[in-house]
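Here is a friendly note to read alongside the model. Take the points in order, and keep the 3D view open as you go.

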Amino acid sequence: MLQLTPSHPLPPQSLSFSLLQSCQTLKEATQLHALSLKTGAFTNPSIVSRLLSLYAHPSINHLPYALSVFSHLPNPNLISFNLLLKSHLTNHRSHDALLLFSRLLHHHAPDNFTLPSVVKACARLGAVAEGKQVHALAVKIGLGLEMYVQSSLVSLYSKCGAIGCARKVFDEMRERDLVAWNSLIDGYARCGRVDVAVELFEEMEERDEFSWTVLVDGLSKCGQVEKAREVFERMPSKNVVSWNAMINGYMKGGEFEKARDLFGRMGSRDVVSWNSMIAGYEFNGRFGEALELFREVLEEDVRPSPATLVSVLSAVSGLAALSKGRMVHSVMVKHGFELEGVLGTSLIDMYSKCGRIDSAMAVFEGIQRKKVGHWTAIIVGLGMHGLADQVLQLFLEMCTNGMEPHGITFIGILNACSHAGLVDLGRYYFNMMRKDYGIEPTIEHYGCFVDILCRAGCLDEAKDAIGSMPMKPNKFIWMSLLSGARIHKNVEIGDYAAQHLIEASPDTIGCYVVLSNMYAAADQWEKVSHVREMMKKRGVRKEPGCSSIEHRGMLHEFIVGDKSHPQTKEIYSKLSEVREKLKSAGHVPDTSQVLLCLEDEKEKEAELENHSERLAISFGLINLEPRSPIRIIKNLRVSGFHARDNSLEQEAAYLFVLALFKLEKQMVI
């Protein structure tokens, strides 16, 4: 605290500049500010300017006080404007900085301290057009060749993707500082021209950590991980950012072990380091490892960031691990994370995919300021659960509340119509999207619409819709048509869809599986043999379906005919018990779903017994509380499609579940 003694009396209209110059903290600055007001010294423009410089200084950095002091300057000079401009940038108020610059131009000609700050504000806002206007002004007033002005322009153009303009300014520089070199290298790396970035890097006479890091990051992002590693190993000193860049590069290339090795060798880590690993595992579908790493984050008492939680929630969704999702939710509550942004959307999505649409709805209803993303997430979630009535009601509320739906919102609506078999409403909303909201259907929208028609048996209309698409149909759309043909036993359209699917994507495993199943259902066993021979020649193998169930924080996985589980004996015993109960209750197994050339009905029934879903359900009946929900996660995919409708095993399991629910009153999700 500053000490004022009677031996240093203050004149009524002045304040000791030695006191102002020795001021170092906000508390001291406000004391002197108050003293200047009390003594009348605040009327002295020199005192006001000095107070402004104190509040604007990075060590104190109090923009509201700086603005207040500035407003009392009758005729602010250029230095005062420059101080306030810089303070706006320090406080990330770039838009306000540009407004202040506009005001400055009415009183002063900018100098070589003003323009770099203004250009930096333009760069942060991505305002390249405004930046070009400032560039023109610099040339007009004779500052176009000032090094700091040019350097800031190189940075602006590089960050905004105008690499040609950046290079032109760079080439015109008589003297180039490190910022200009680094900015241009960064610009070339950002736009994918890493070869030029490498050339510039090798030309540099002087480099700093940023120079090395920019190149490592650019090479990693462009997939040239080994070259990035070479540069990384040459670095005189490696900072955390360069380590993170290498980890990201390896993760994007699927090289998990190398990423993990680097992560383990890091001397110090920041939250971005953890995020890079967790997001990398999640991106590559290694959800269990992502969750294990998140456990380490909590053990090391690292505060997760929103980015951490978004990746972790996505990993939870991938496993449908409800208990893990609840734990993540509790972490969010503990750390006071708001749900009004992407975290709310991710949480709604997680609960929906874990089968707890009630929890998803509770999260949605608890968000005070709902955005389009929140409405869309709950609509998509309700849609995947087949709750079409609630989807359409929420969509109406969303529009009533003035929210403008986007493309993903309509994907959720169309998906709901598909699950509920609402063909007419599906057509209505598909047309509404374009007519009322000007949203041109993407290939995903066409995929949903074709799926609606195929589920309902409108195969000719689906075929016509595919033919009218403005883009080339992808393998998923042909797969929908083929699956619809199989379900509705239309071999002709099935052949048509399979032919196009094989042409578009000959390695699509699901095509051969569904085509074979379609022929088997039609008793065309010669064609089944032909398809299987084709699979053999092309080296295509059907992946076995896998069903999982979570119990006490652990995920238990089962495949067809699985006998590897520690409770195998009890599981098969429970299966036999359930079978006898169902038989006594009058349930007859649907052996038409067994697409093997078997004559004996008992053999077909035995084949149904081995399905992975039944094994997982039996495990749940043994280990879970009576009448508590049994949540089964089915990972069988047909070339990227969830096999909920394309798998005959799923259909047989569905009938089994219905009969089981009537008997045991135990919900299976």
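1. Let us begin with a cut-off. An angle over 145 degrees between two helix directions counts as roughly antiparallel. Keep that number in mind for points 3 and 6. Please also remember that you are looking at a predicted model.

2. Now for the overall picture. How many helices and strands does the protein have? There are 36 helices and 5 strands. Of the 669 residues in the protein, 49% are buried. If you take contacts between residues at least 6 apart in sequence, 61% of them join residues at least 24 apart.

3. Find helix α9, residues 147-159, and helix α10, residues 163-172. Their axes are 7 Å apart and make an angle of about 160 degrees. Since angles over 145 degrees count as roughly antiparallel, α9 and α10 are therefore roughly antiparallel to each other. Their crossing is left-handed. On the α9 side, the residues in this contact are Q150, L153, V154, Y157 and S158; on the α10 side they are I163, C165, A166, V169, F170 and E172. Sorted by class, the contact residues of α9 and α10 comprise 8 nonpolar, 2 polar and 1 charged. You could try sorting those names yourself as a small exercise.

4. Next, look at G218, which sits in helix α13 (residues 209-221). Is G218 buried or exposed? With a relative accessibility of 5%, G218 counts as buried. Which residues does G218 touch once its neighbours within four places in sequence are set aside? They are A189 and V194. A189 is 29 residues away from G218 along the chain, yet the C-alpha atoms of the two are separated by 4.6 Å.

5. Move on to S305, found in the loop between α18 (287-299) and α19. S305 has a relative accessible area of 16% and is buried. Leaving out residues up to four places away in sequence, S305 touches V271, N275 and F337. F337 is worth remembering, as M332 touches F337 too.

6. M332 belongs to helix α20, and its relative accessibility of 1% counts as buried. Apart from residues up to four places away in sequence, M332 is in contact with L309, L313, F337, L339, L343 and L347. The C-alpha atoms of M332 and L343 are 9.1 Å apart, and the two residues are 11 apart in sequence. M332 also takes part in the packing of α20 against α21: L322, G325, R326, H329 and M332 in α20 meet L343, L347, M350 and Y351 in α21. This contact has 6 nonpolar, 2 polar and 1 charged residues. How are the two helices arranged? Helix α21 covers residues 342-353, and its axis is 10 Å from that of α20, at an angle of about 160 degrees. That makes α20 and α21 roughly antiparallel. The crossing of α20 and α21 is left-handed.

7. Two loop residues deserve a look at their backbone angles. Most residues other than glycine have a negative phi. H92, however, has a positive phi, near 55 degrees, and A320 likewise has a positive phi near 55 degrees. Where are they? H92 is in the loop between α5 (78-90) and α6 (94-104), while A320 lies in the loop between α19 (306-319) and α20 (322-334). As for their surroundings, H92 is exposed, with a relative accessible area of 64%, whereas A320 counts as buried at 13% relative accessibility.

8. Finally, turn to the nonpolar cores. The largest one has 174 residues, and those with the most contacts inside it are I378, I413, Y429, L481 and L482. Take L482 as a place to zoom in: not counting residues up to four places away in sequence, L482 touches G494, A497, A498, L501, C511, V514 and L515. A second, separate core has 15 residues, including I549, I571, L621 and I632. Colouring these two cores in your viewer would make a nice figure for your notes.

Conventions
Residues numbered from 1 in each chain as written. Predicted model: local features only at pLDDT ≥ 70, side-chain atom pairs only at ≥ 80, totals over all residues. Heavy atoms only, no water. Core = buried A, V, L, I, M, F, W, Y, C linked by side-chain atoms within 4.5 Å. Buried < 20%, exposed > 50% of the residue type's maximum accessible area, 1.4 Å probe, protein only. Contact = heavy atoms within 4.5 Å. Axes fitted to C-alpha atoms, helices over the stretch in contact; angles between N-to-C directions. Helix = DSSP H or I, 4+ residues; strand = E, 2+ residues; numbered from the N terminus. Parallel < 35°, antiparallel > 145°, perpendicular 65-115°, else oblique. Left-handed = near helix turned anticlockwise from the far one by under 90°. Nonpolar A, V, L, I, M, F, W, Y, C, P; charged D, E, K, R; others polar.
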